[in-house]
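Pull up the model and keep the sequence beside it. We'll take a short walk through a handful of spots and see what each one shows.

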Amino acid sequence: FFCFSSLCQAETAANRICKVLAVNQENEQLMEDYEKLASDLLEWIRRTIPWLENRAPENTMQAMQQKLEDFRDYRRLHKPPKVQEKCQLEINFNTLQTKLRLSNRPAFMPSEGKMVSDINNAWGGLEQAEKGYEEWLLNEIRRLERLDHLAEKFRQKASIHESWTDGKEAMLQQKDYETATLSEIKALLKKHEAFESDLAAHQDRVEQIAAIAQELNELDYYDSPSVNARCQKICDQWDNLGALTQKRREALERTEKLLETIDQLYLEYAKRAAPFNNWMEGAMEDLQDTFIVHTIEEIQGLTTAHEQFKATLPDADKERQAILGIHNEVSKIVQTYHVNMAGTNPYTTITPHEINGKWEHVRQLVPRRDQALMEEHARQQQNERLRKQFGAQANVIGPWIQTKMEEIGRISIEMHGTLEDQLNHLRQYEKSIVNYKPKIDQLEGDHQQIQEALIFDNKHTNYTMEHIRVGWEQLLTTIARTINEVENQILTRDAKGISQEQMNEFRASFNHFDRKKTGMMDCEDFRACLISMGYNMGEAEFARIMSIVDPNRLGVVTFQAFIDFMSRETADTDTADQVMASFKILAGDKNYITVDELRRELPPDQAEYCIARMAPYNGRDAVPGALDYMSFSTALYGESDL
């Protein structure tokens, strides 16, 4: 009888050890999986953040748009799998902690820097860098767009000015007054006065050129050296023109007499032709000027200004005819009195042919400007349609996500039905959320069209695509985390034999003392709950209980931890003493066990697991190869180092 009884005890002890070791092996594998997944995710974040924080500007719009396209690929292709990995990491961590608690093992503490909070912090840094990178890209595109516009405007104005100044210095340096007659000297003086009037009329253009060059420098234009060199050349030439003009006037004023016979009609022609010519050049410049608008209101403003300009054309045509009438009158006088300077005007170089040519050019540019404004107006209407289309969808999706978040939160704290009912309800919610994904993708497509159209604002909605993405990711994470929590509650209930009525009582008590309705009790809430259940304890006892329900020292007690605590005293779980007693039976009541005994009583893989981890036994009764199963048993439950 004693022989067979001993054999039965050995078999029971071996089975118990196998069970304990199997749980421990599974938990260690989960820990290794968590460490690897956390390391991979942190390494990806570490490699991605420097790329997002790189703010090296590009010189061309094409290069910046390529950067923007790379960023969109990152958003669409690279980040979503990492979001799923992060969610899976949290689920694995929660599942591991639940299994450790159920098997009466200490809570798992990841390696330094690999806590869930560390990963969340790193993820927050990634999203902050991502947001800053997108804002920087859009600002750089606006800046380059502005720079291209200013550079083209600078080149046009500089070319017009250089064309006007061509030959002016040589004309001012002529010494023709030295051999001229009195009448010719006076004619030269009048011509010089007309030139000064023309020179003053061009002062505004020179100032505009300098102002544009200054703005290009302030905006850090990549080709600023050539712009500055050209601007400096124009300014130096302008100063030289002013000095040469003053010098020639002084020389002419030293002449004894002025011309008395020059027809005042030439002077009147010059004075009226110069500003009219300058007006036509300005009109041609404005009609050919490029424009950048982002709203219908802006293009309507340009259209209104253009219509106002067209309204001035009849008066301008009258002025042109008046100027040509002066020239025709001069021609009649020259023909009548046979003046030697017939066909020339000493006061200006602007001819009637030139005025007519520029006037005809202005008339040709007006319909081209009309067409350009109409095309831009159509483009802005299309942009407005895209804004409204995006706004209409975003104003529906945004509140839908918020509503689902609130409904999931209510389900997780309500007590309607069993845990399985709650789990089925949550999975139905998860299915409906997944089925909603095509609408998110459609909104992404509309957002893609908006970005390709370079639309930077939308007055039809307060939601941005970034808000929708963050809300969608939080919704997916929340439903997955909530389902995992309910599954862990079911696992705890089944493992510890808790009835549905007890679970409802636990939930009612937890909800009552969760005063902030956050789904977690703080220390004071938990203390009040314990007192209401009859616990009378001091600070040391309360600190001991908190170390059980809050092993990570977060200062809060989750519902899962609350259930574990409430069922811990009555649960049938293995302890270190029970495992130690089982080893003692296998060792034949000795204080140590040998390698042969382990291999004889345990399966091969678990026997080798024990042999690899058991420390040598150093007692007085030790034999060669003796192993210390007592320290090994306590280490399995975190009571000593393994």
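Leaving aside residues up to four places away in sequence, which residues does I545 touch? The list is F526, L530, M537 and F565. Bear in mind as you look that this is a predicted model.

I545 itself sits in helix α17, which covers residues 539–549. With a relative accessible area of just 1%, I545 counts as buried. One of its partners, F565, is 20 residues away along the chain, yet the two C-alpha atoms are separated by 8.4 Å.

Now step back to the whole of α17. Its buried residues are F542, I545, M546 and V549. Looking down the axis of α17, you'd find these buried residues within an arc of 105°, so they line one face of the helix. The spacing behind that kind of pattern is a familiar one: an α-helix has 3.6 residues a turn, so residues three or four places apart point the same way.

Next, go to helix α7, residues 224–253, where you'll find R248. Is this arginine buried or exposed? R248 is buried, at 6% relative accessible area. As for a polar partner, a polar atom of the R248 side chain lies 3.0 Å from the backbone oxygen of Q174.

Then there are the cysteines. How many disulfides turn up in a search of the whole structure? Zero. Take C231 as an example: its closest cysteine sulfur belongs to C235, and at 4.1 Å that is too far for a bond, because a disulfide needs the two sulfur atoms within 2.5 Å. C231 is buried, at 9% relative accessibility, while C523 is partly exposed, with a relative accessible area of 28%.

For a look at a loop, find D589, between α19 (576–586) and α20 (595–601). The phi of D589 is near 65°, a positive value in a residue other than glycine. D589 also counts as exposed, at 58% relative accessibility.

Last stop: the database record. The unreviewed UniProt entry lists residues 20–47 and 185–219 as "coiled-coil region". What does the model show over residues 185–219? The chain there is 94% helix and 0% strand, and the C-alpha atoms at the two ends are 50 Å apart.

Note on methods
Residues numbered from 1 in each chain as written. Predicted model: local features only at pLDDT ≥ 70, side-chain atom pairs only at ≥ 80, totals over all residues. Heavy atoms only, no water. Helix = DSSP H or I, 4+ residues; strand = E, 2+ residues; numbered from the N terminus. Buried < 20%, exposed > 50% of the residue type's maximum accessible area, 1.4 Å probe, protein only. Polar contact = N/O pair within 3.5 Å; in protein donor to acceptor, adjacent residues only side chain to side chain. UniProt positions renumbered as here; feature names shortened; annotations may be inferred. Contact = heavy atoms within 4.5 Å. Arc of directions from axis to C-beta.
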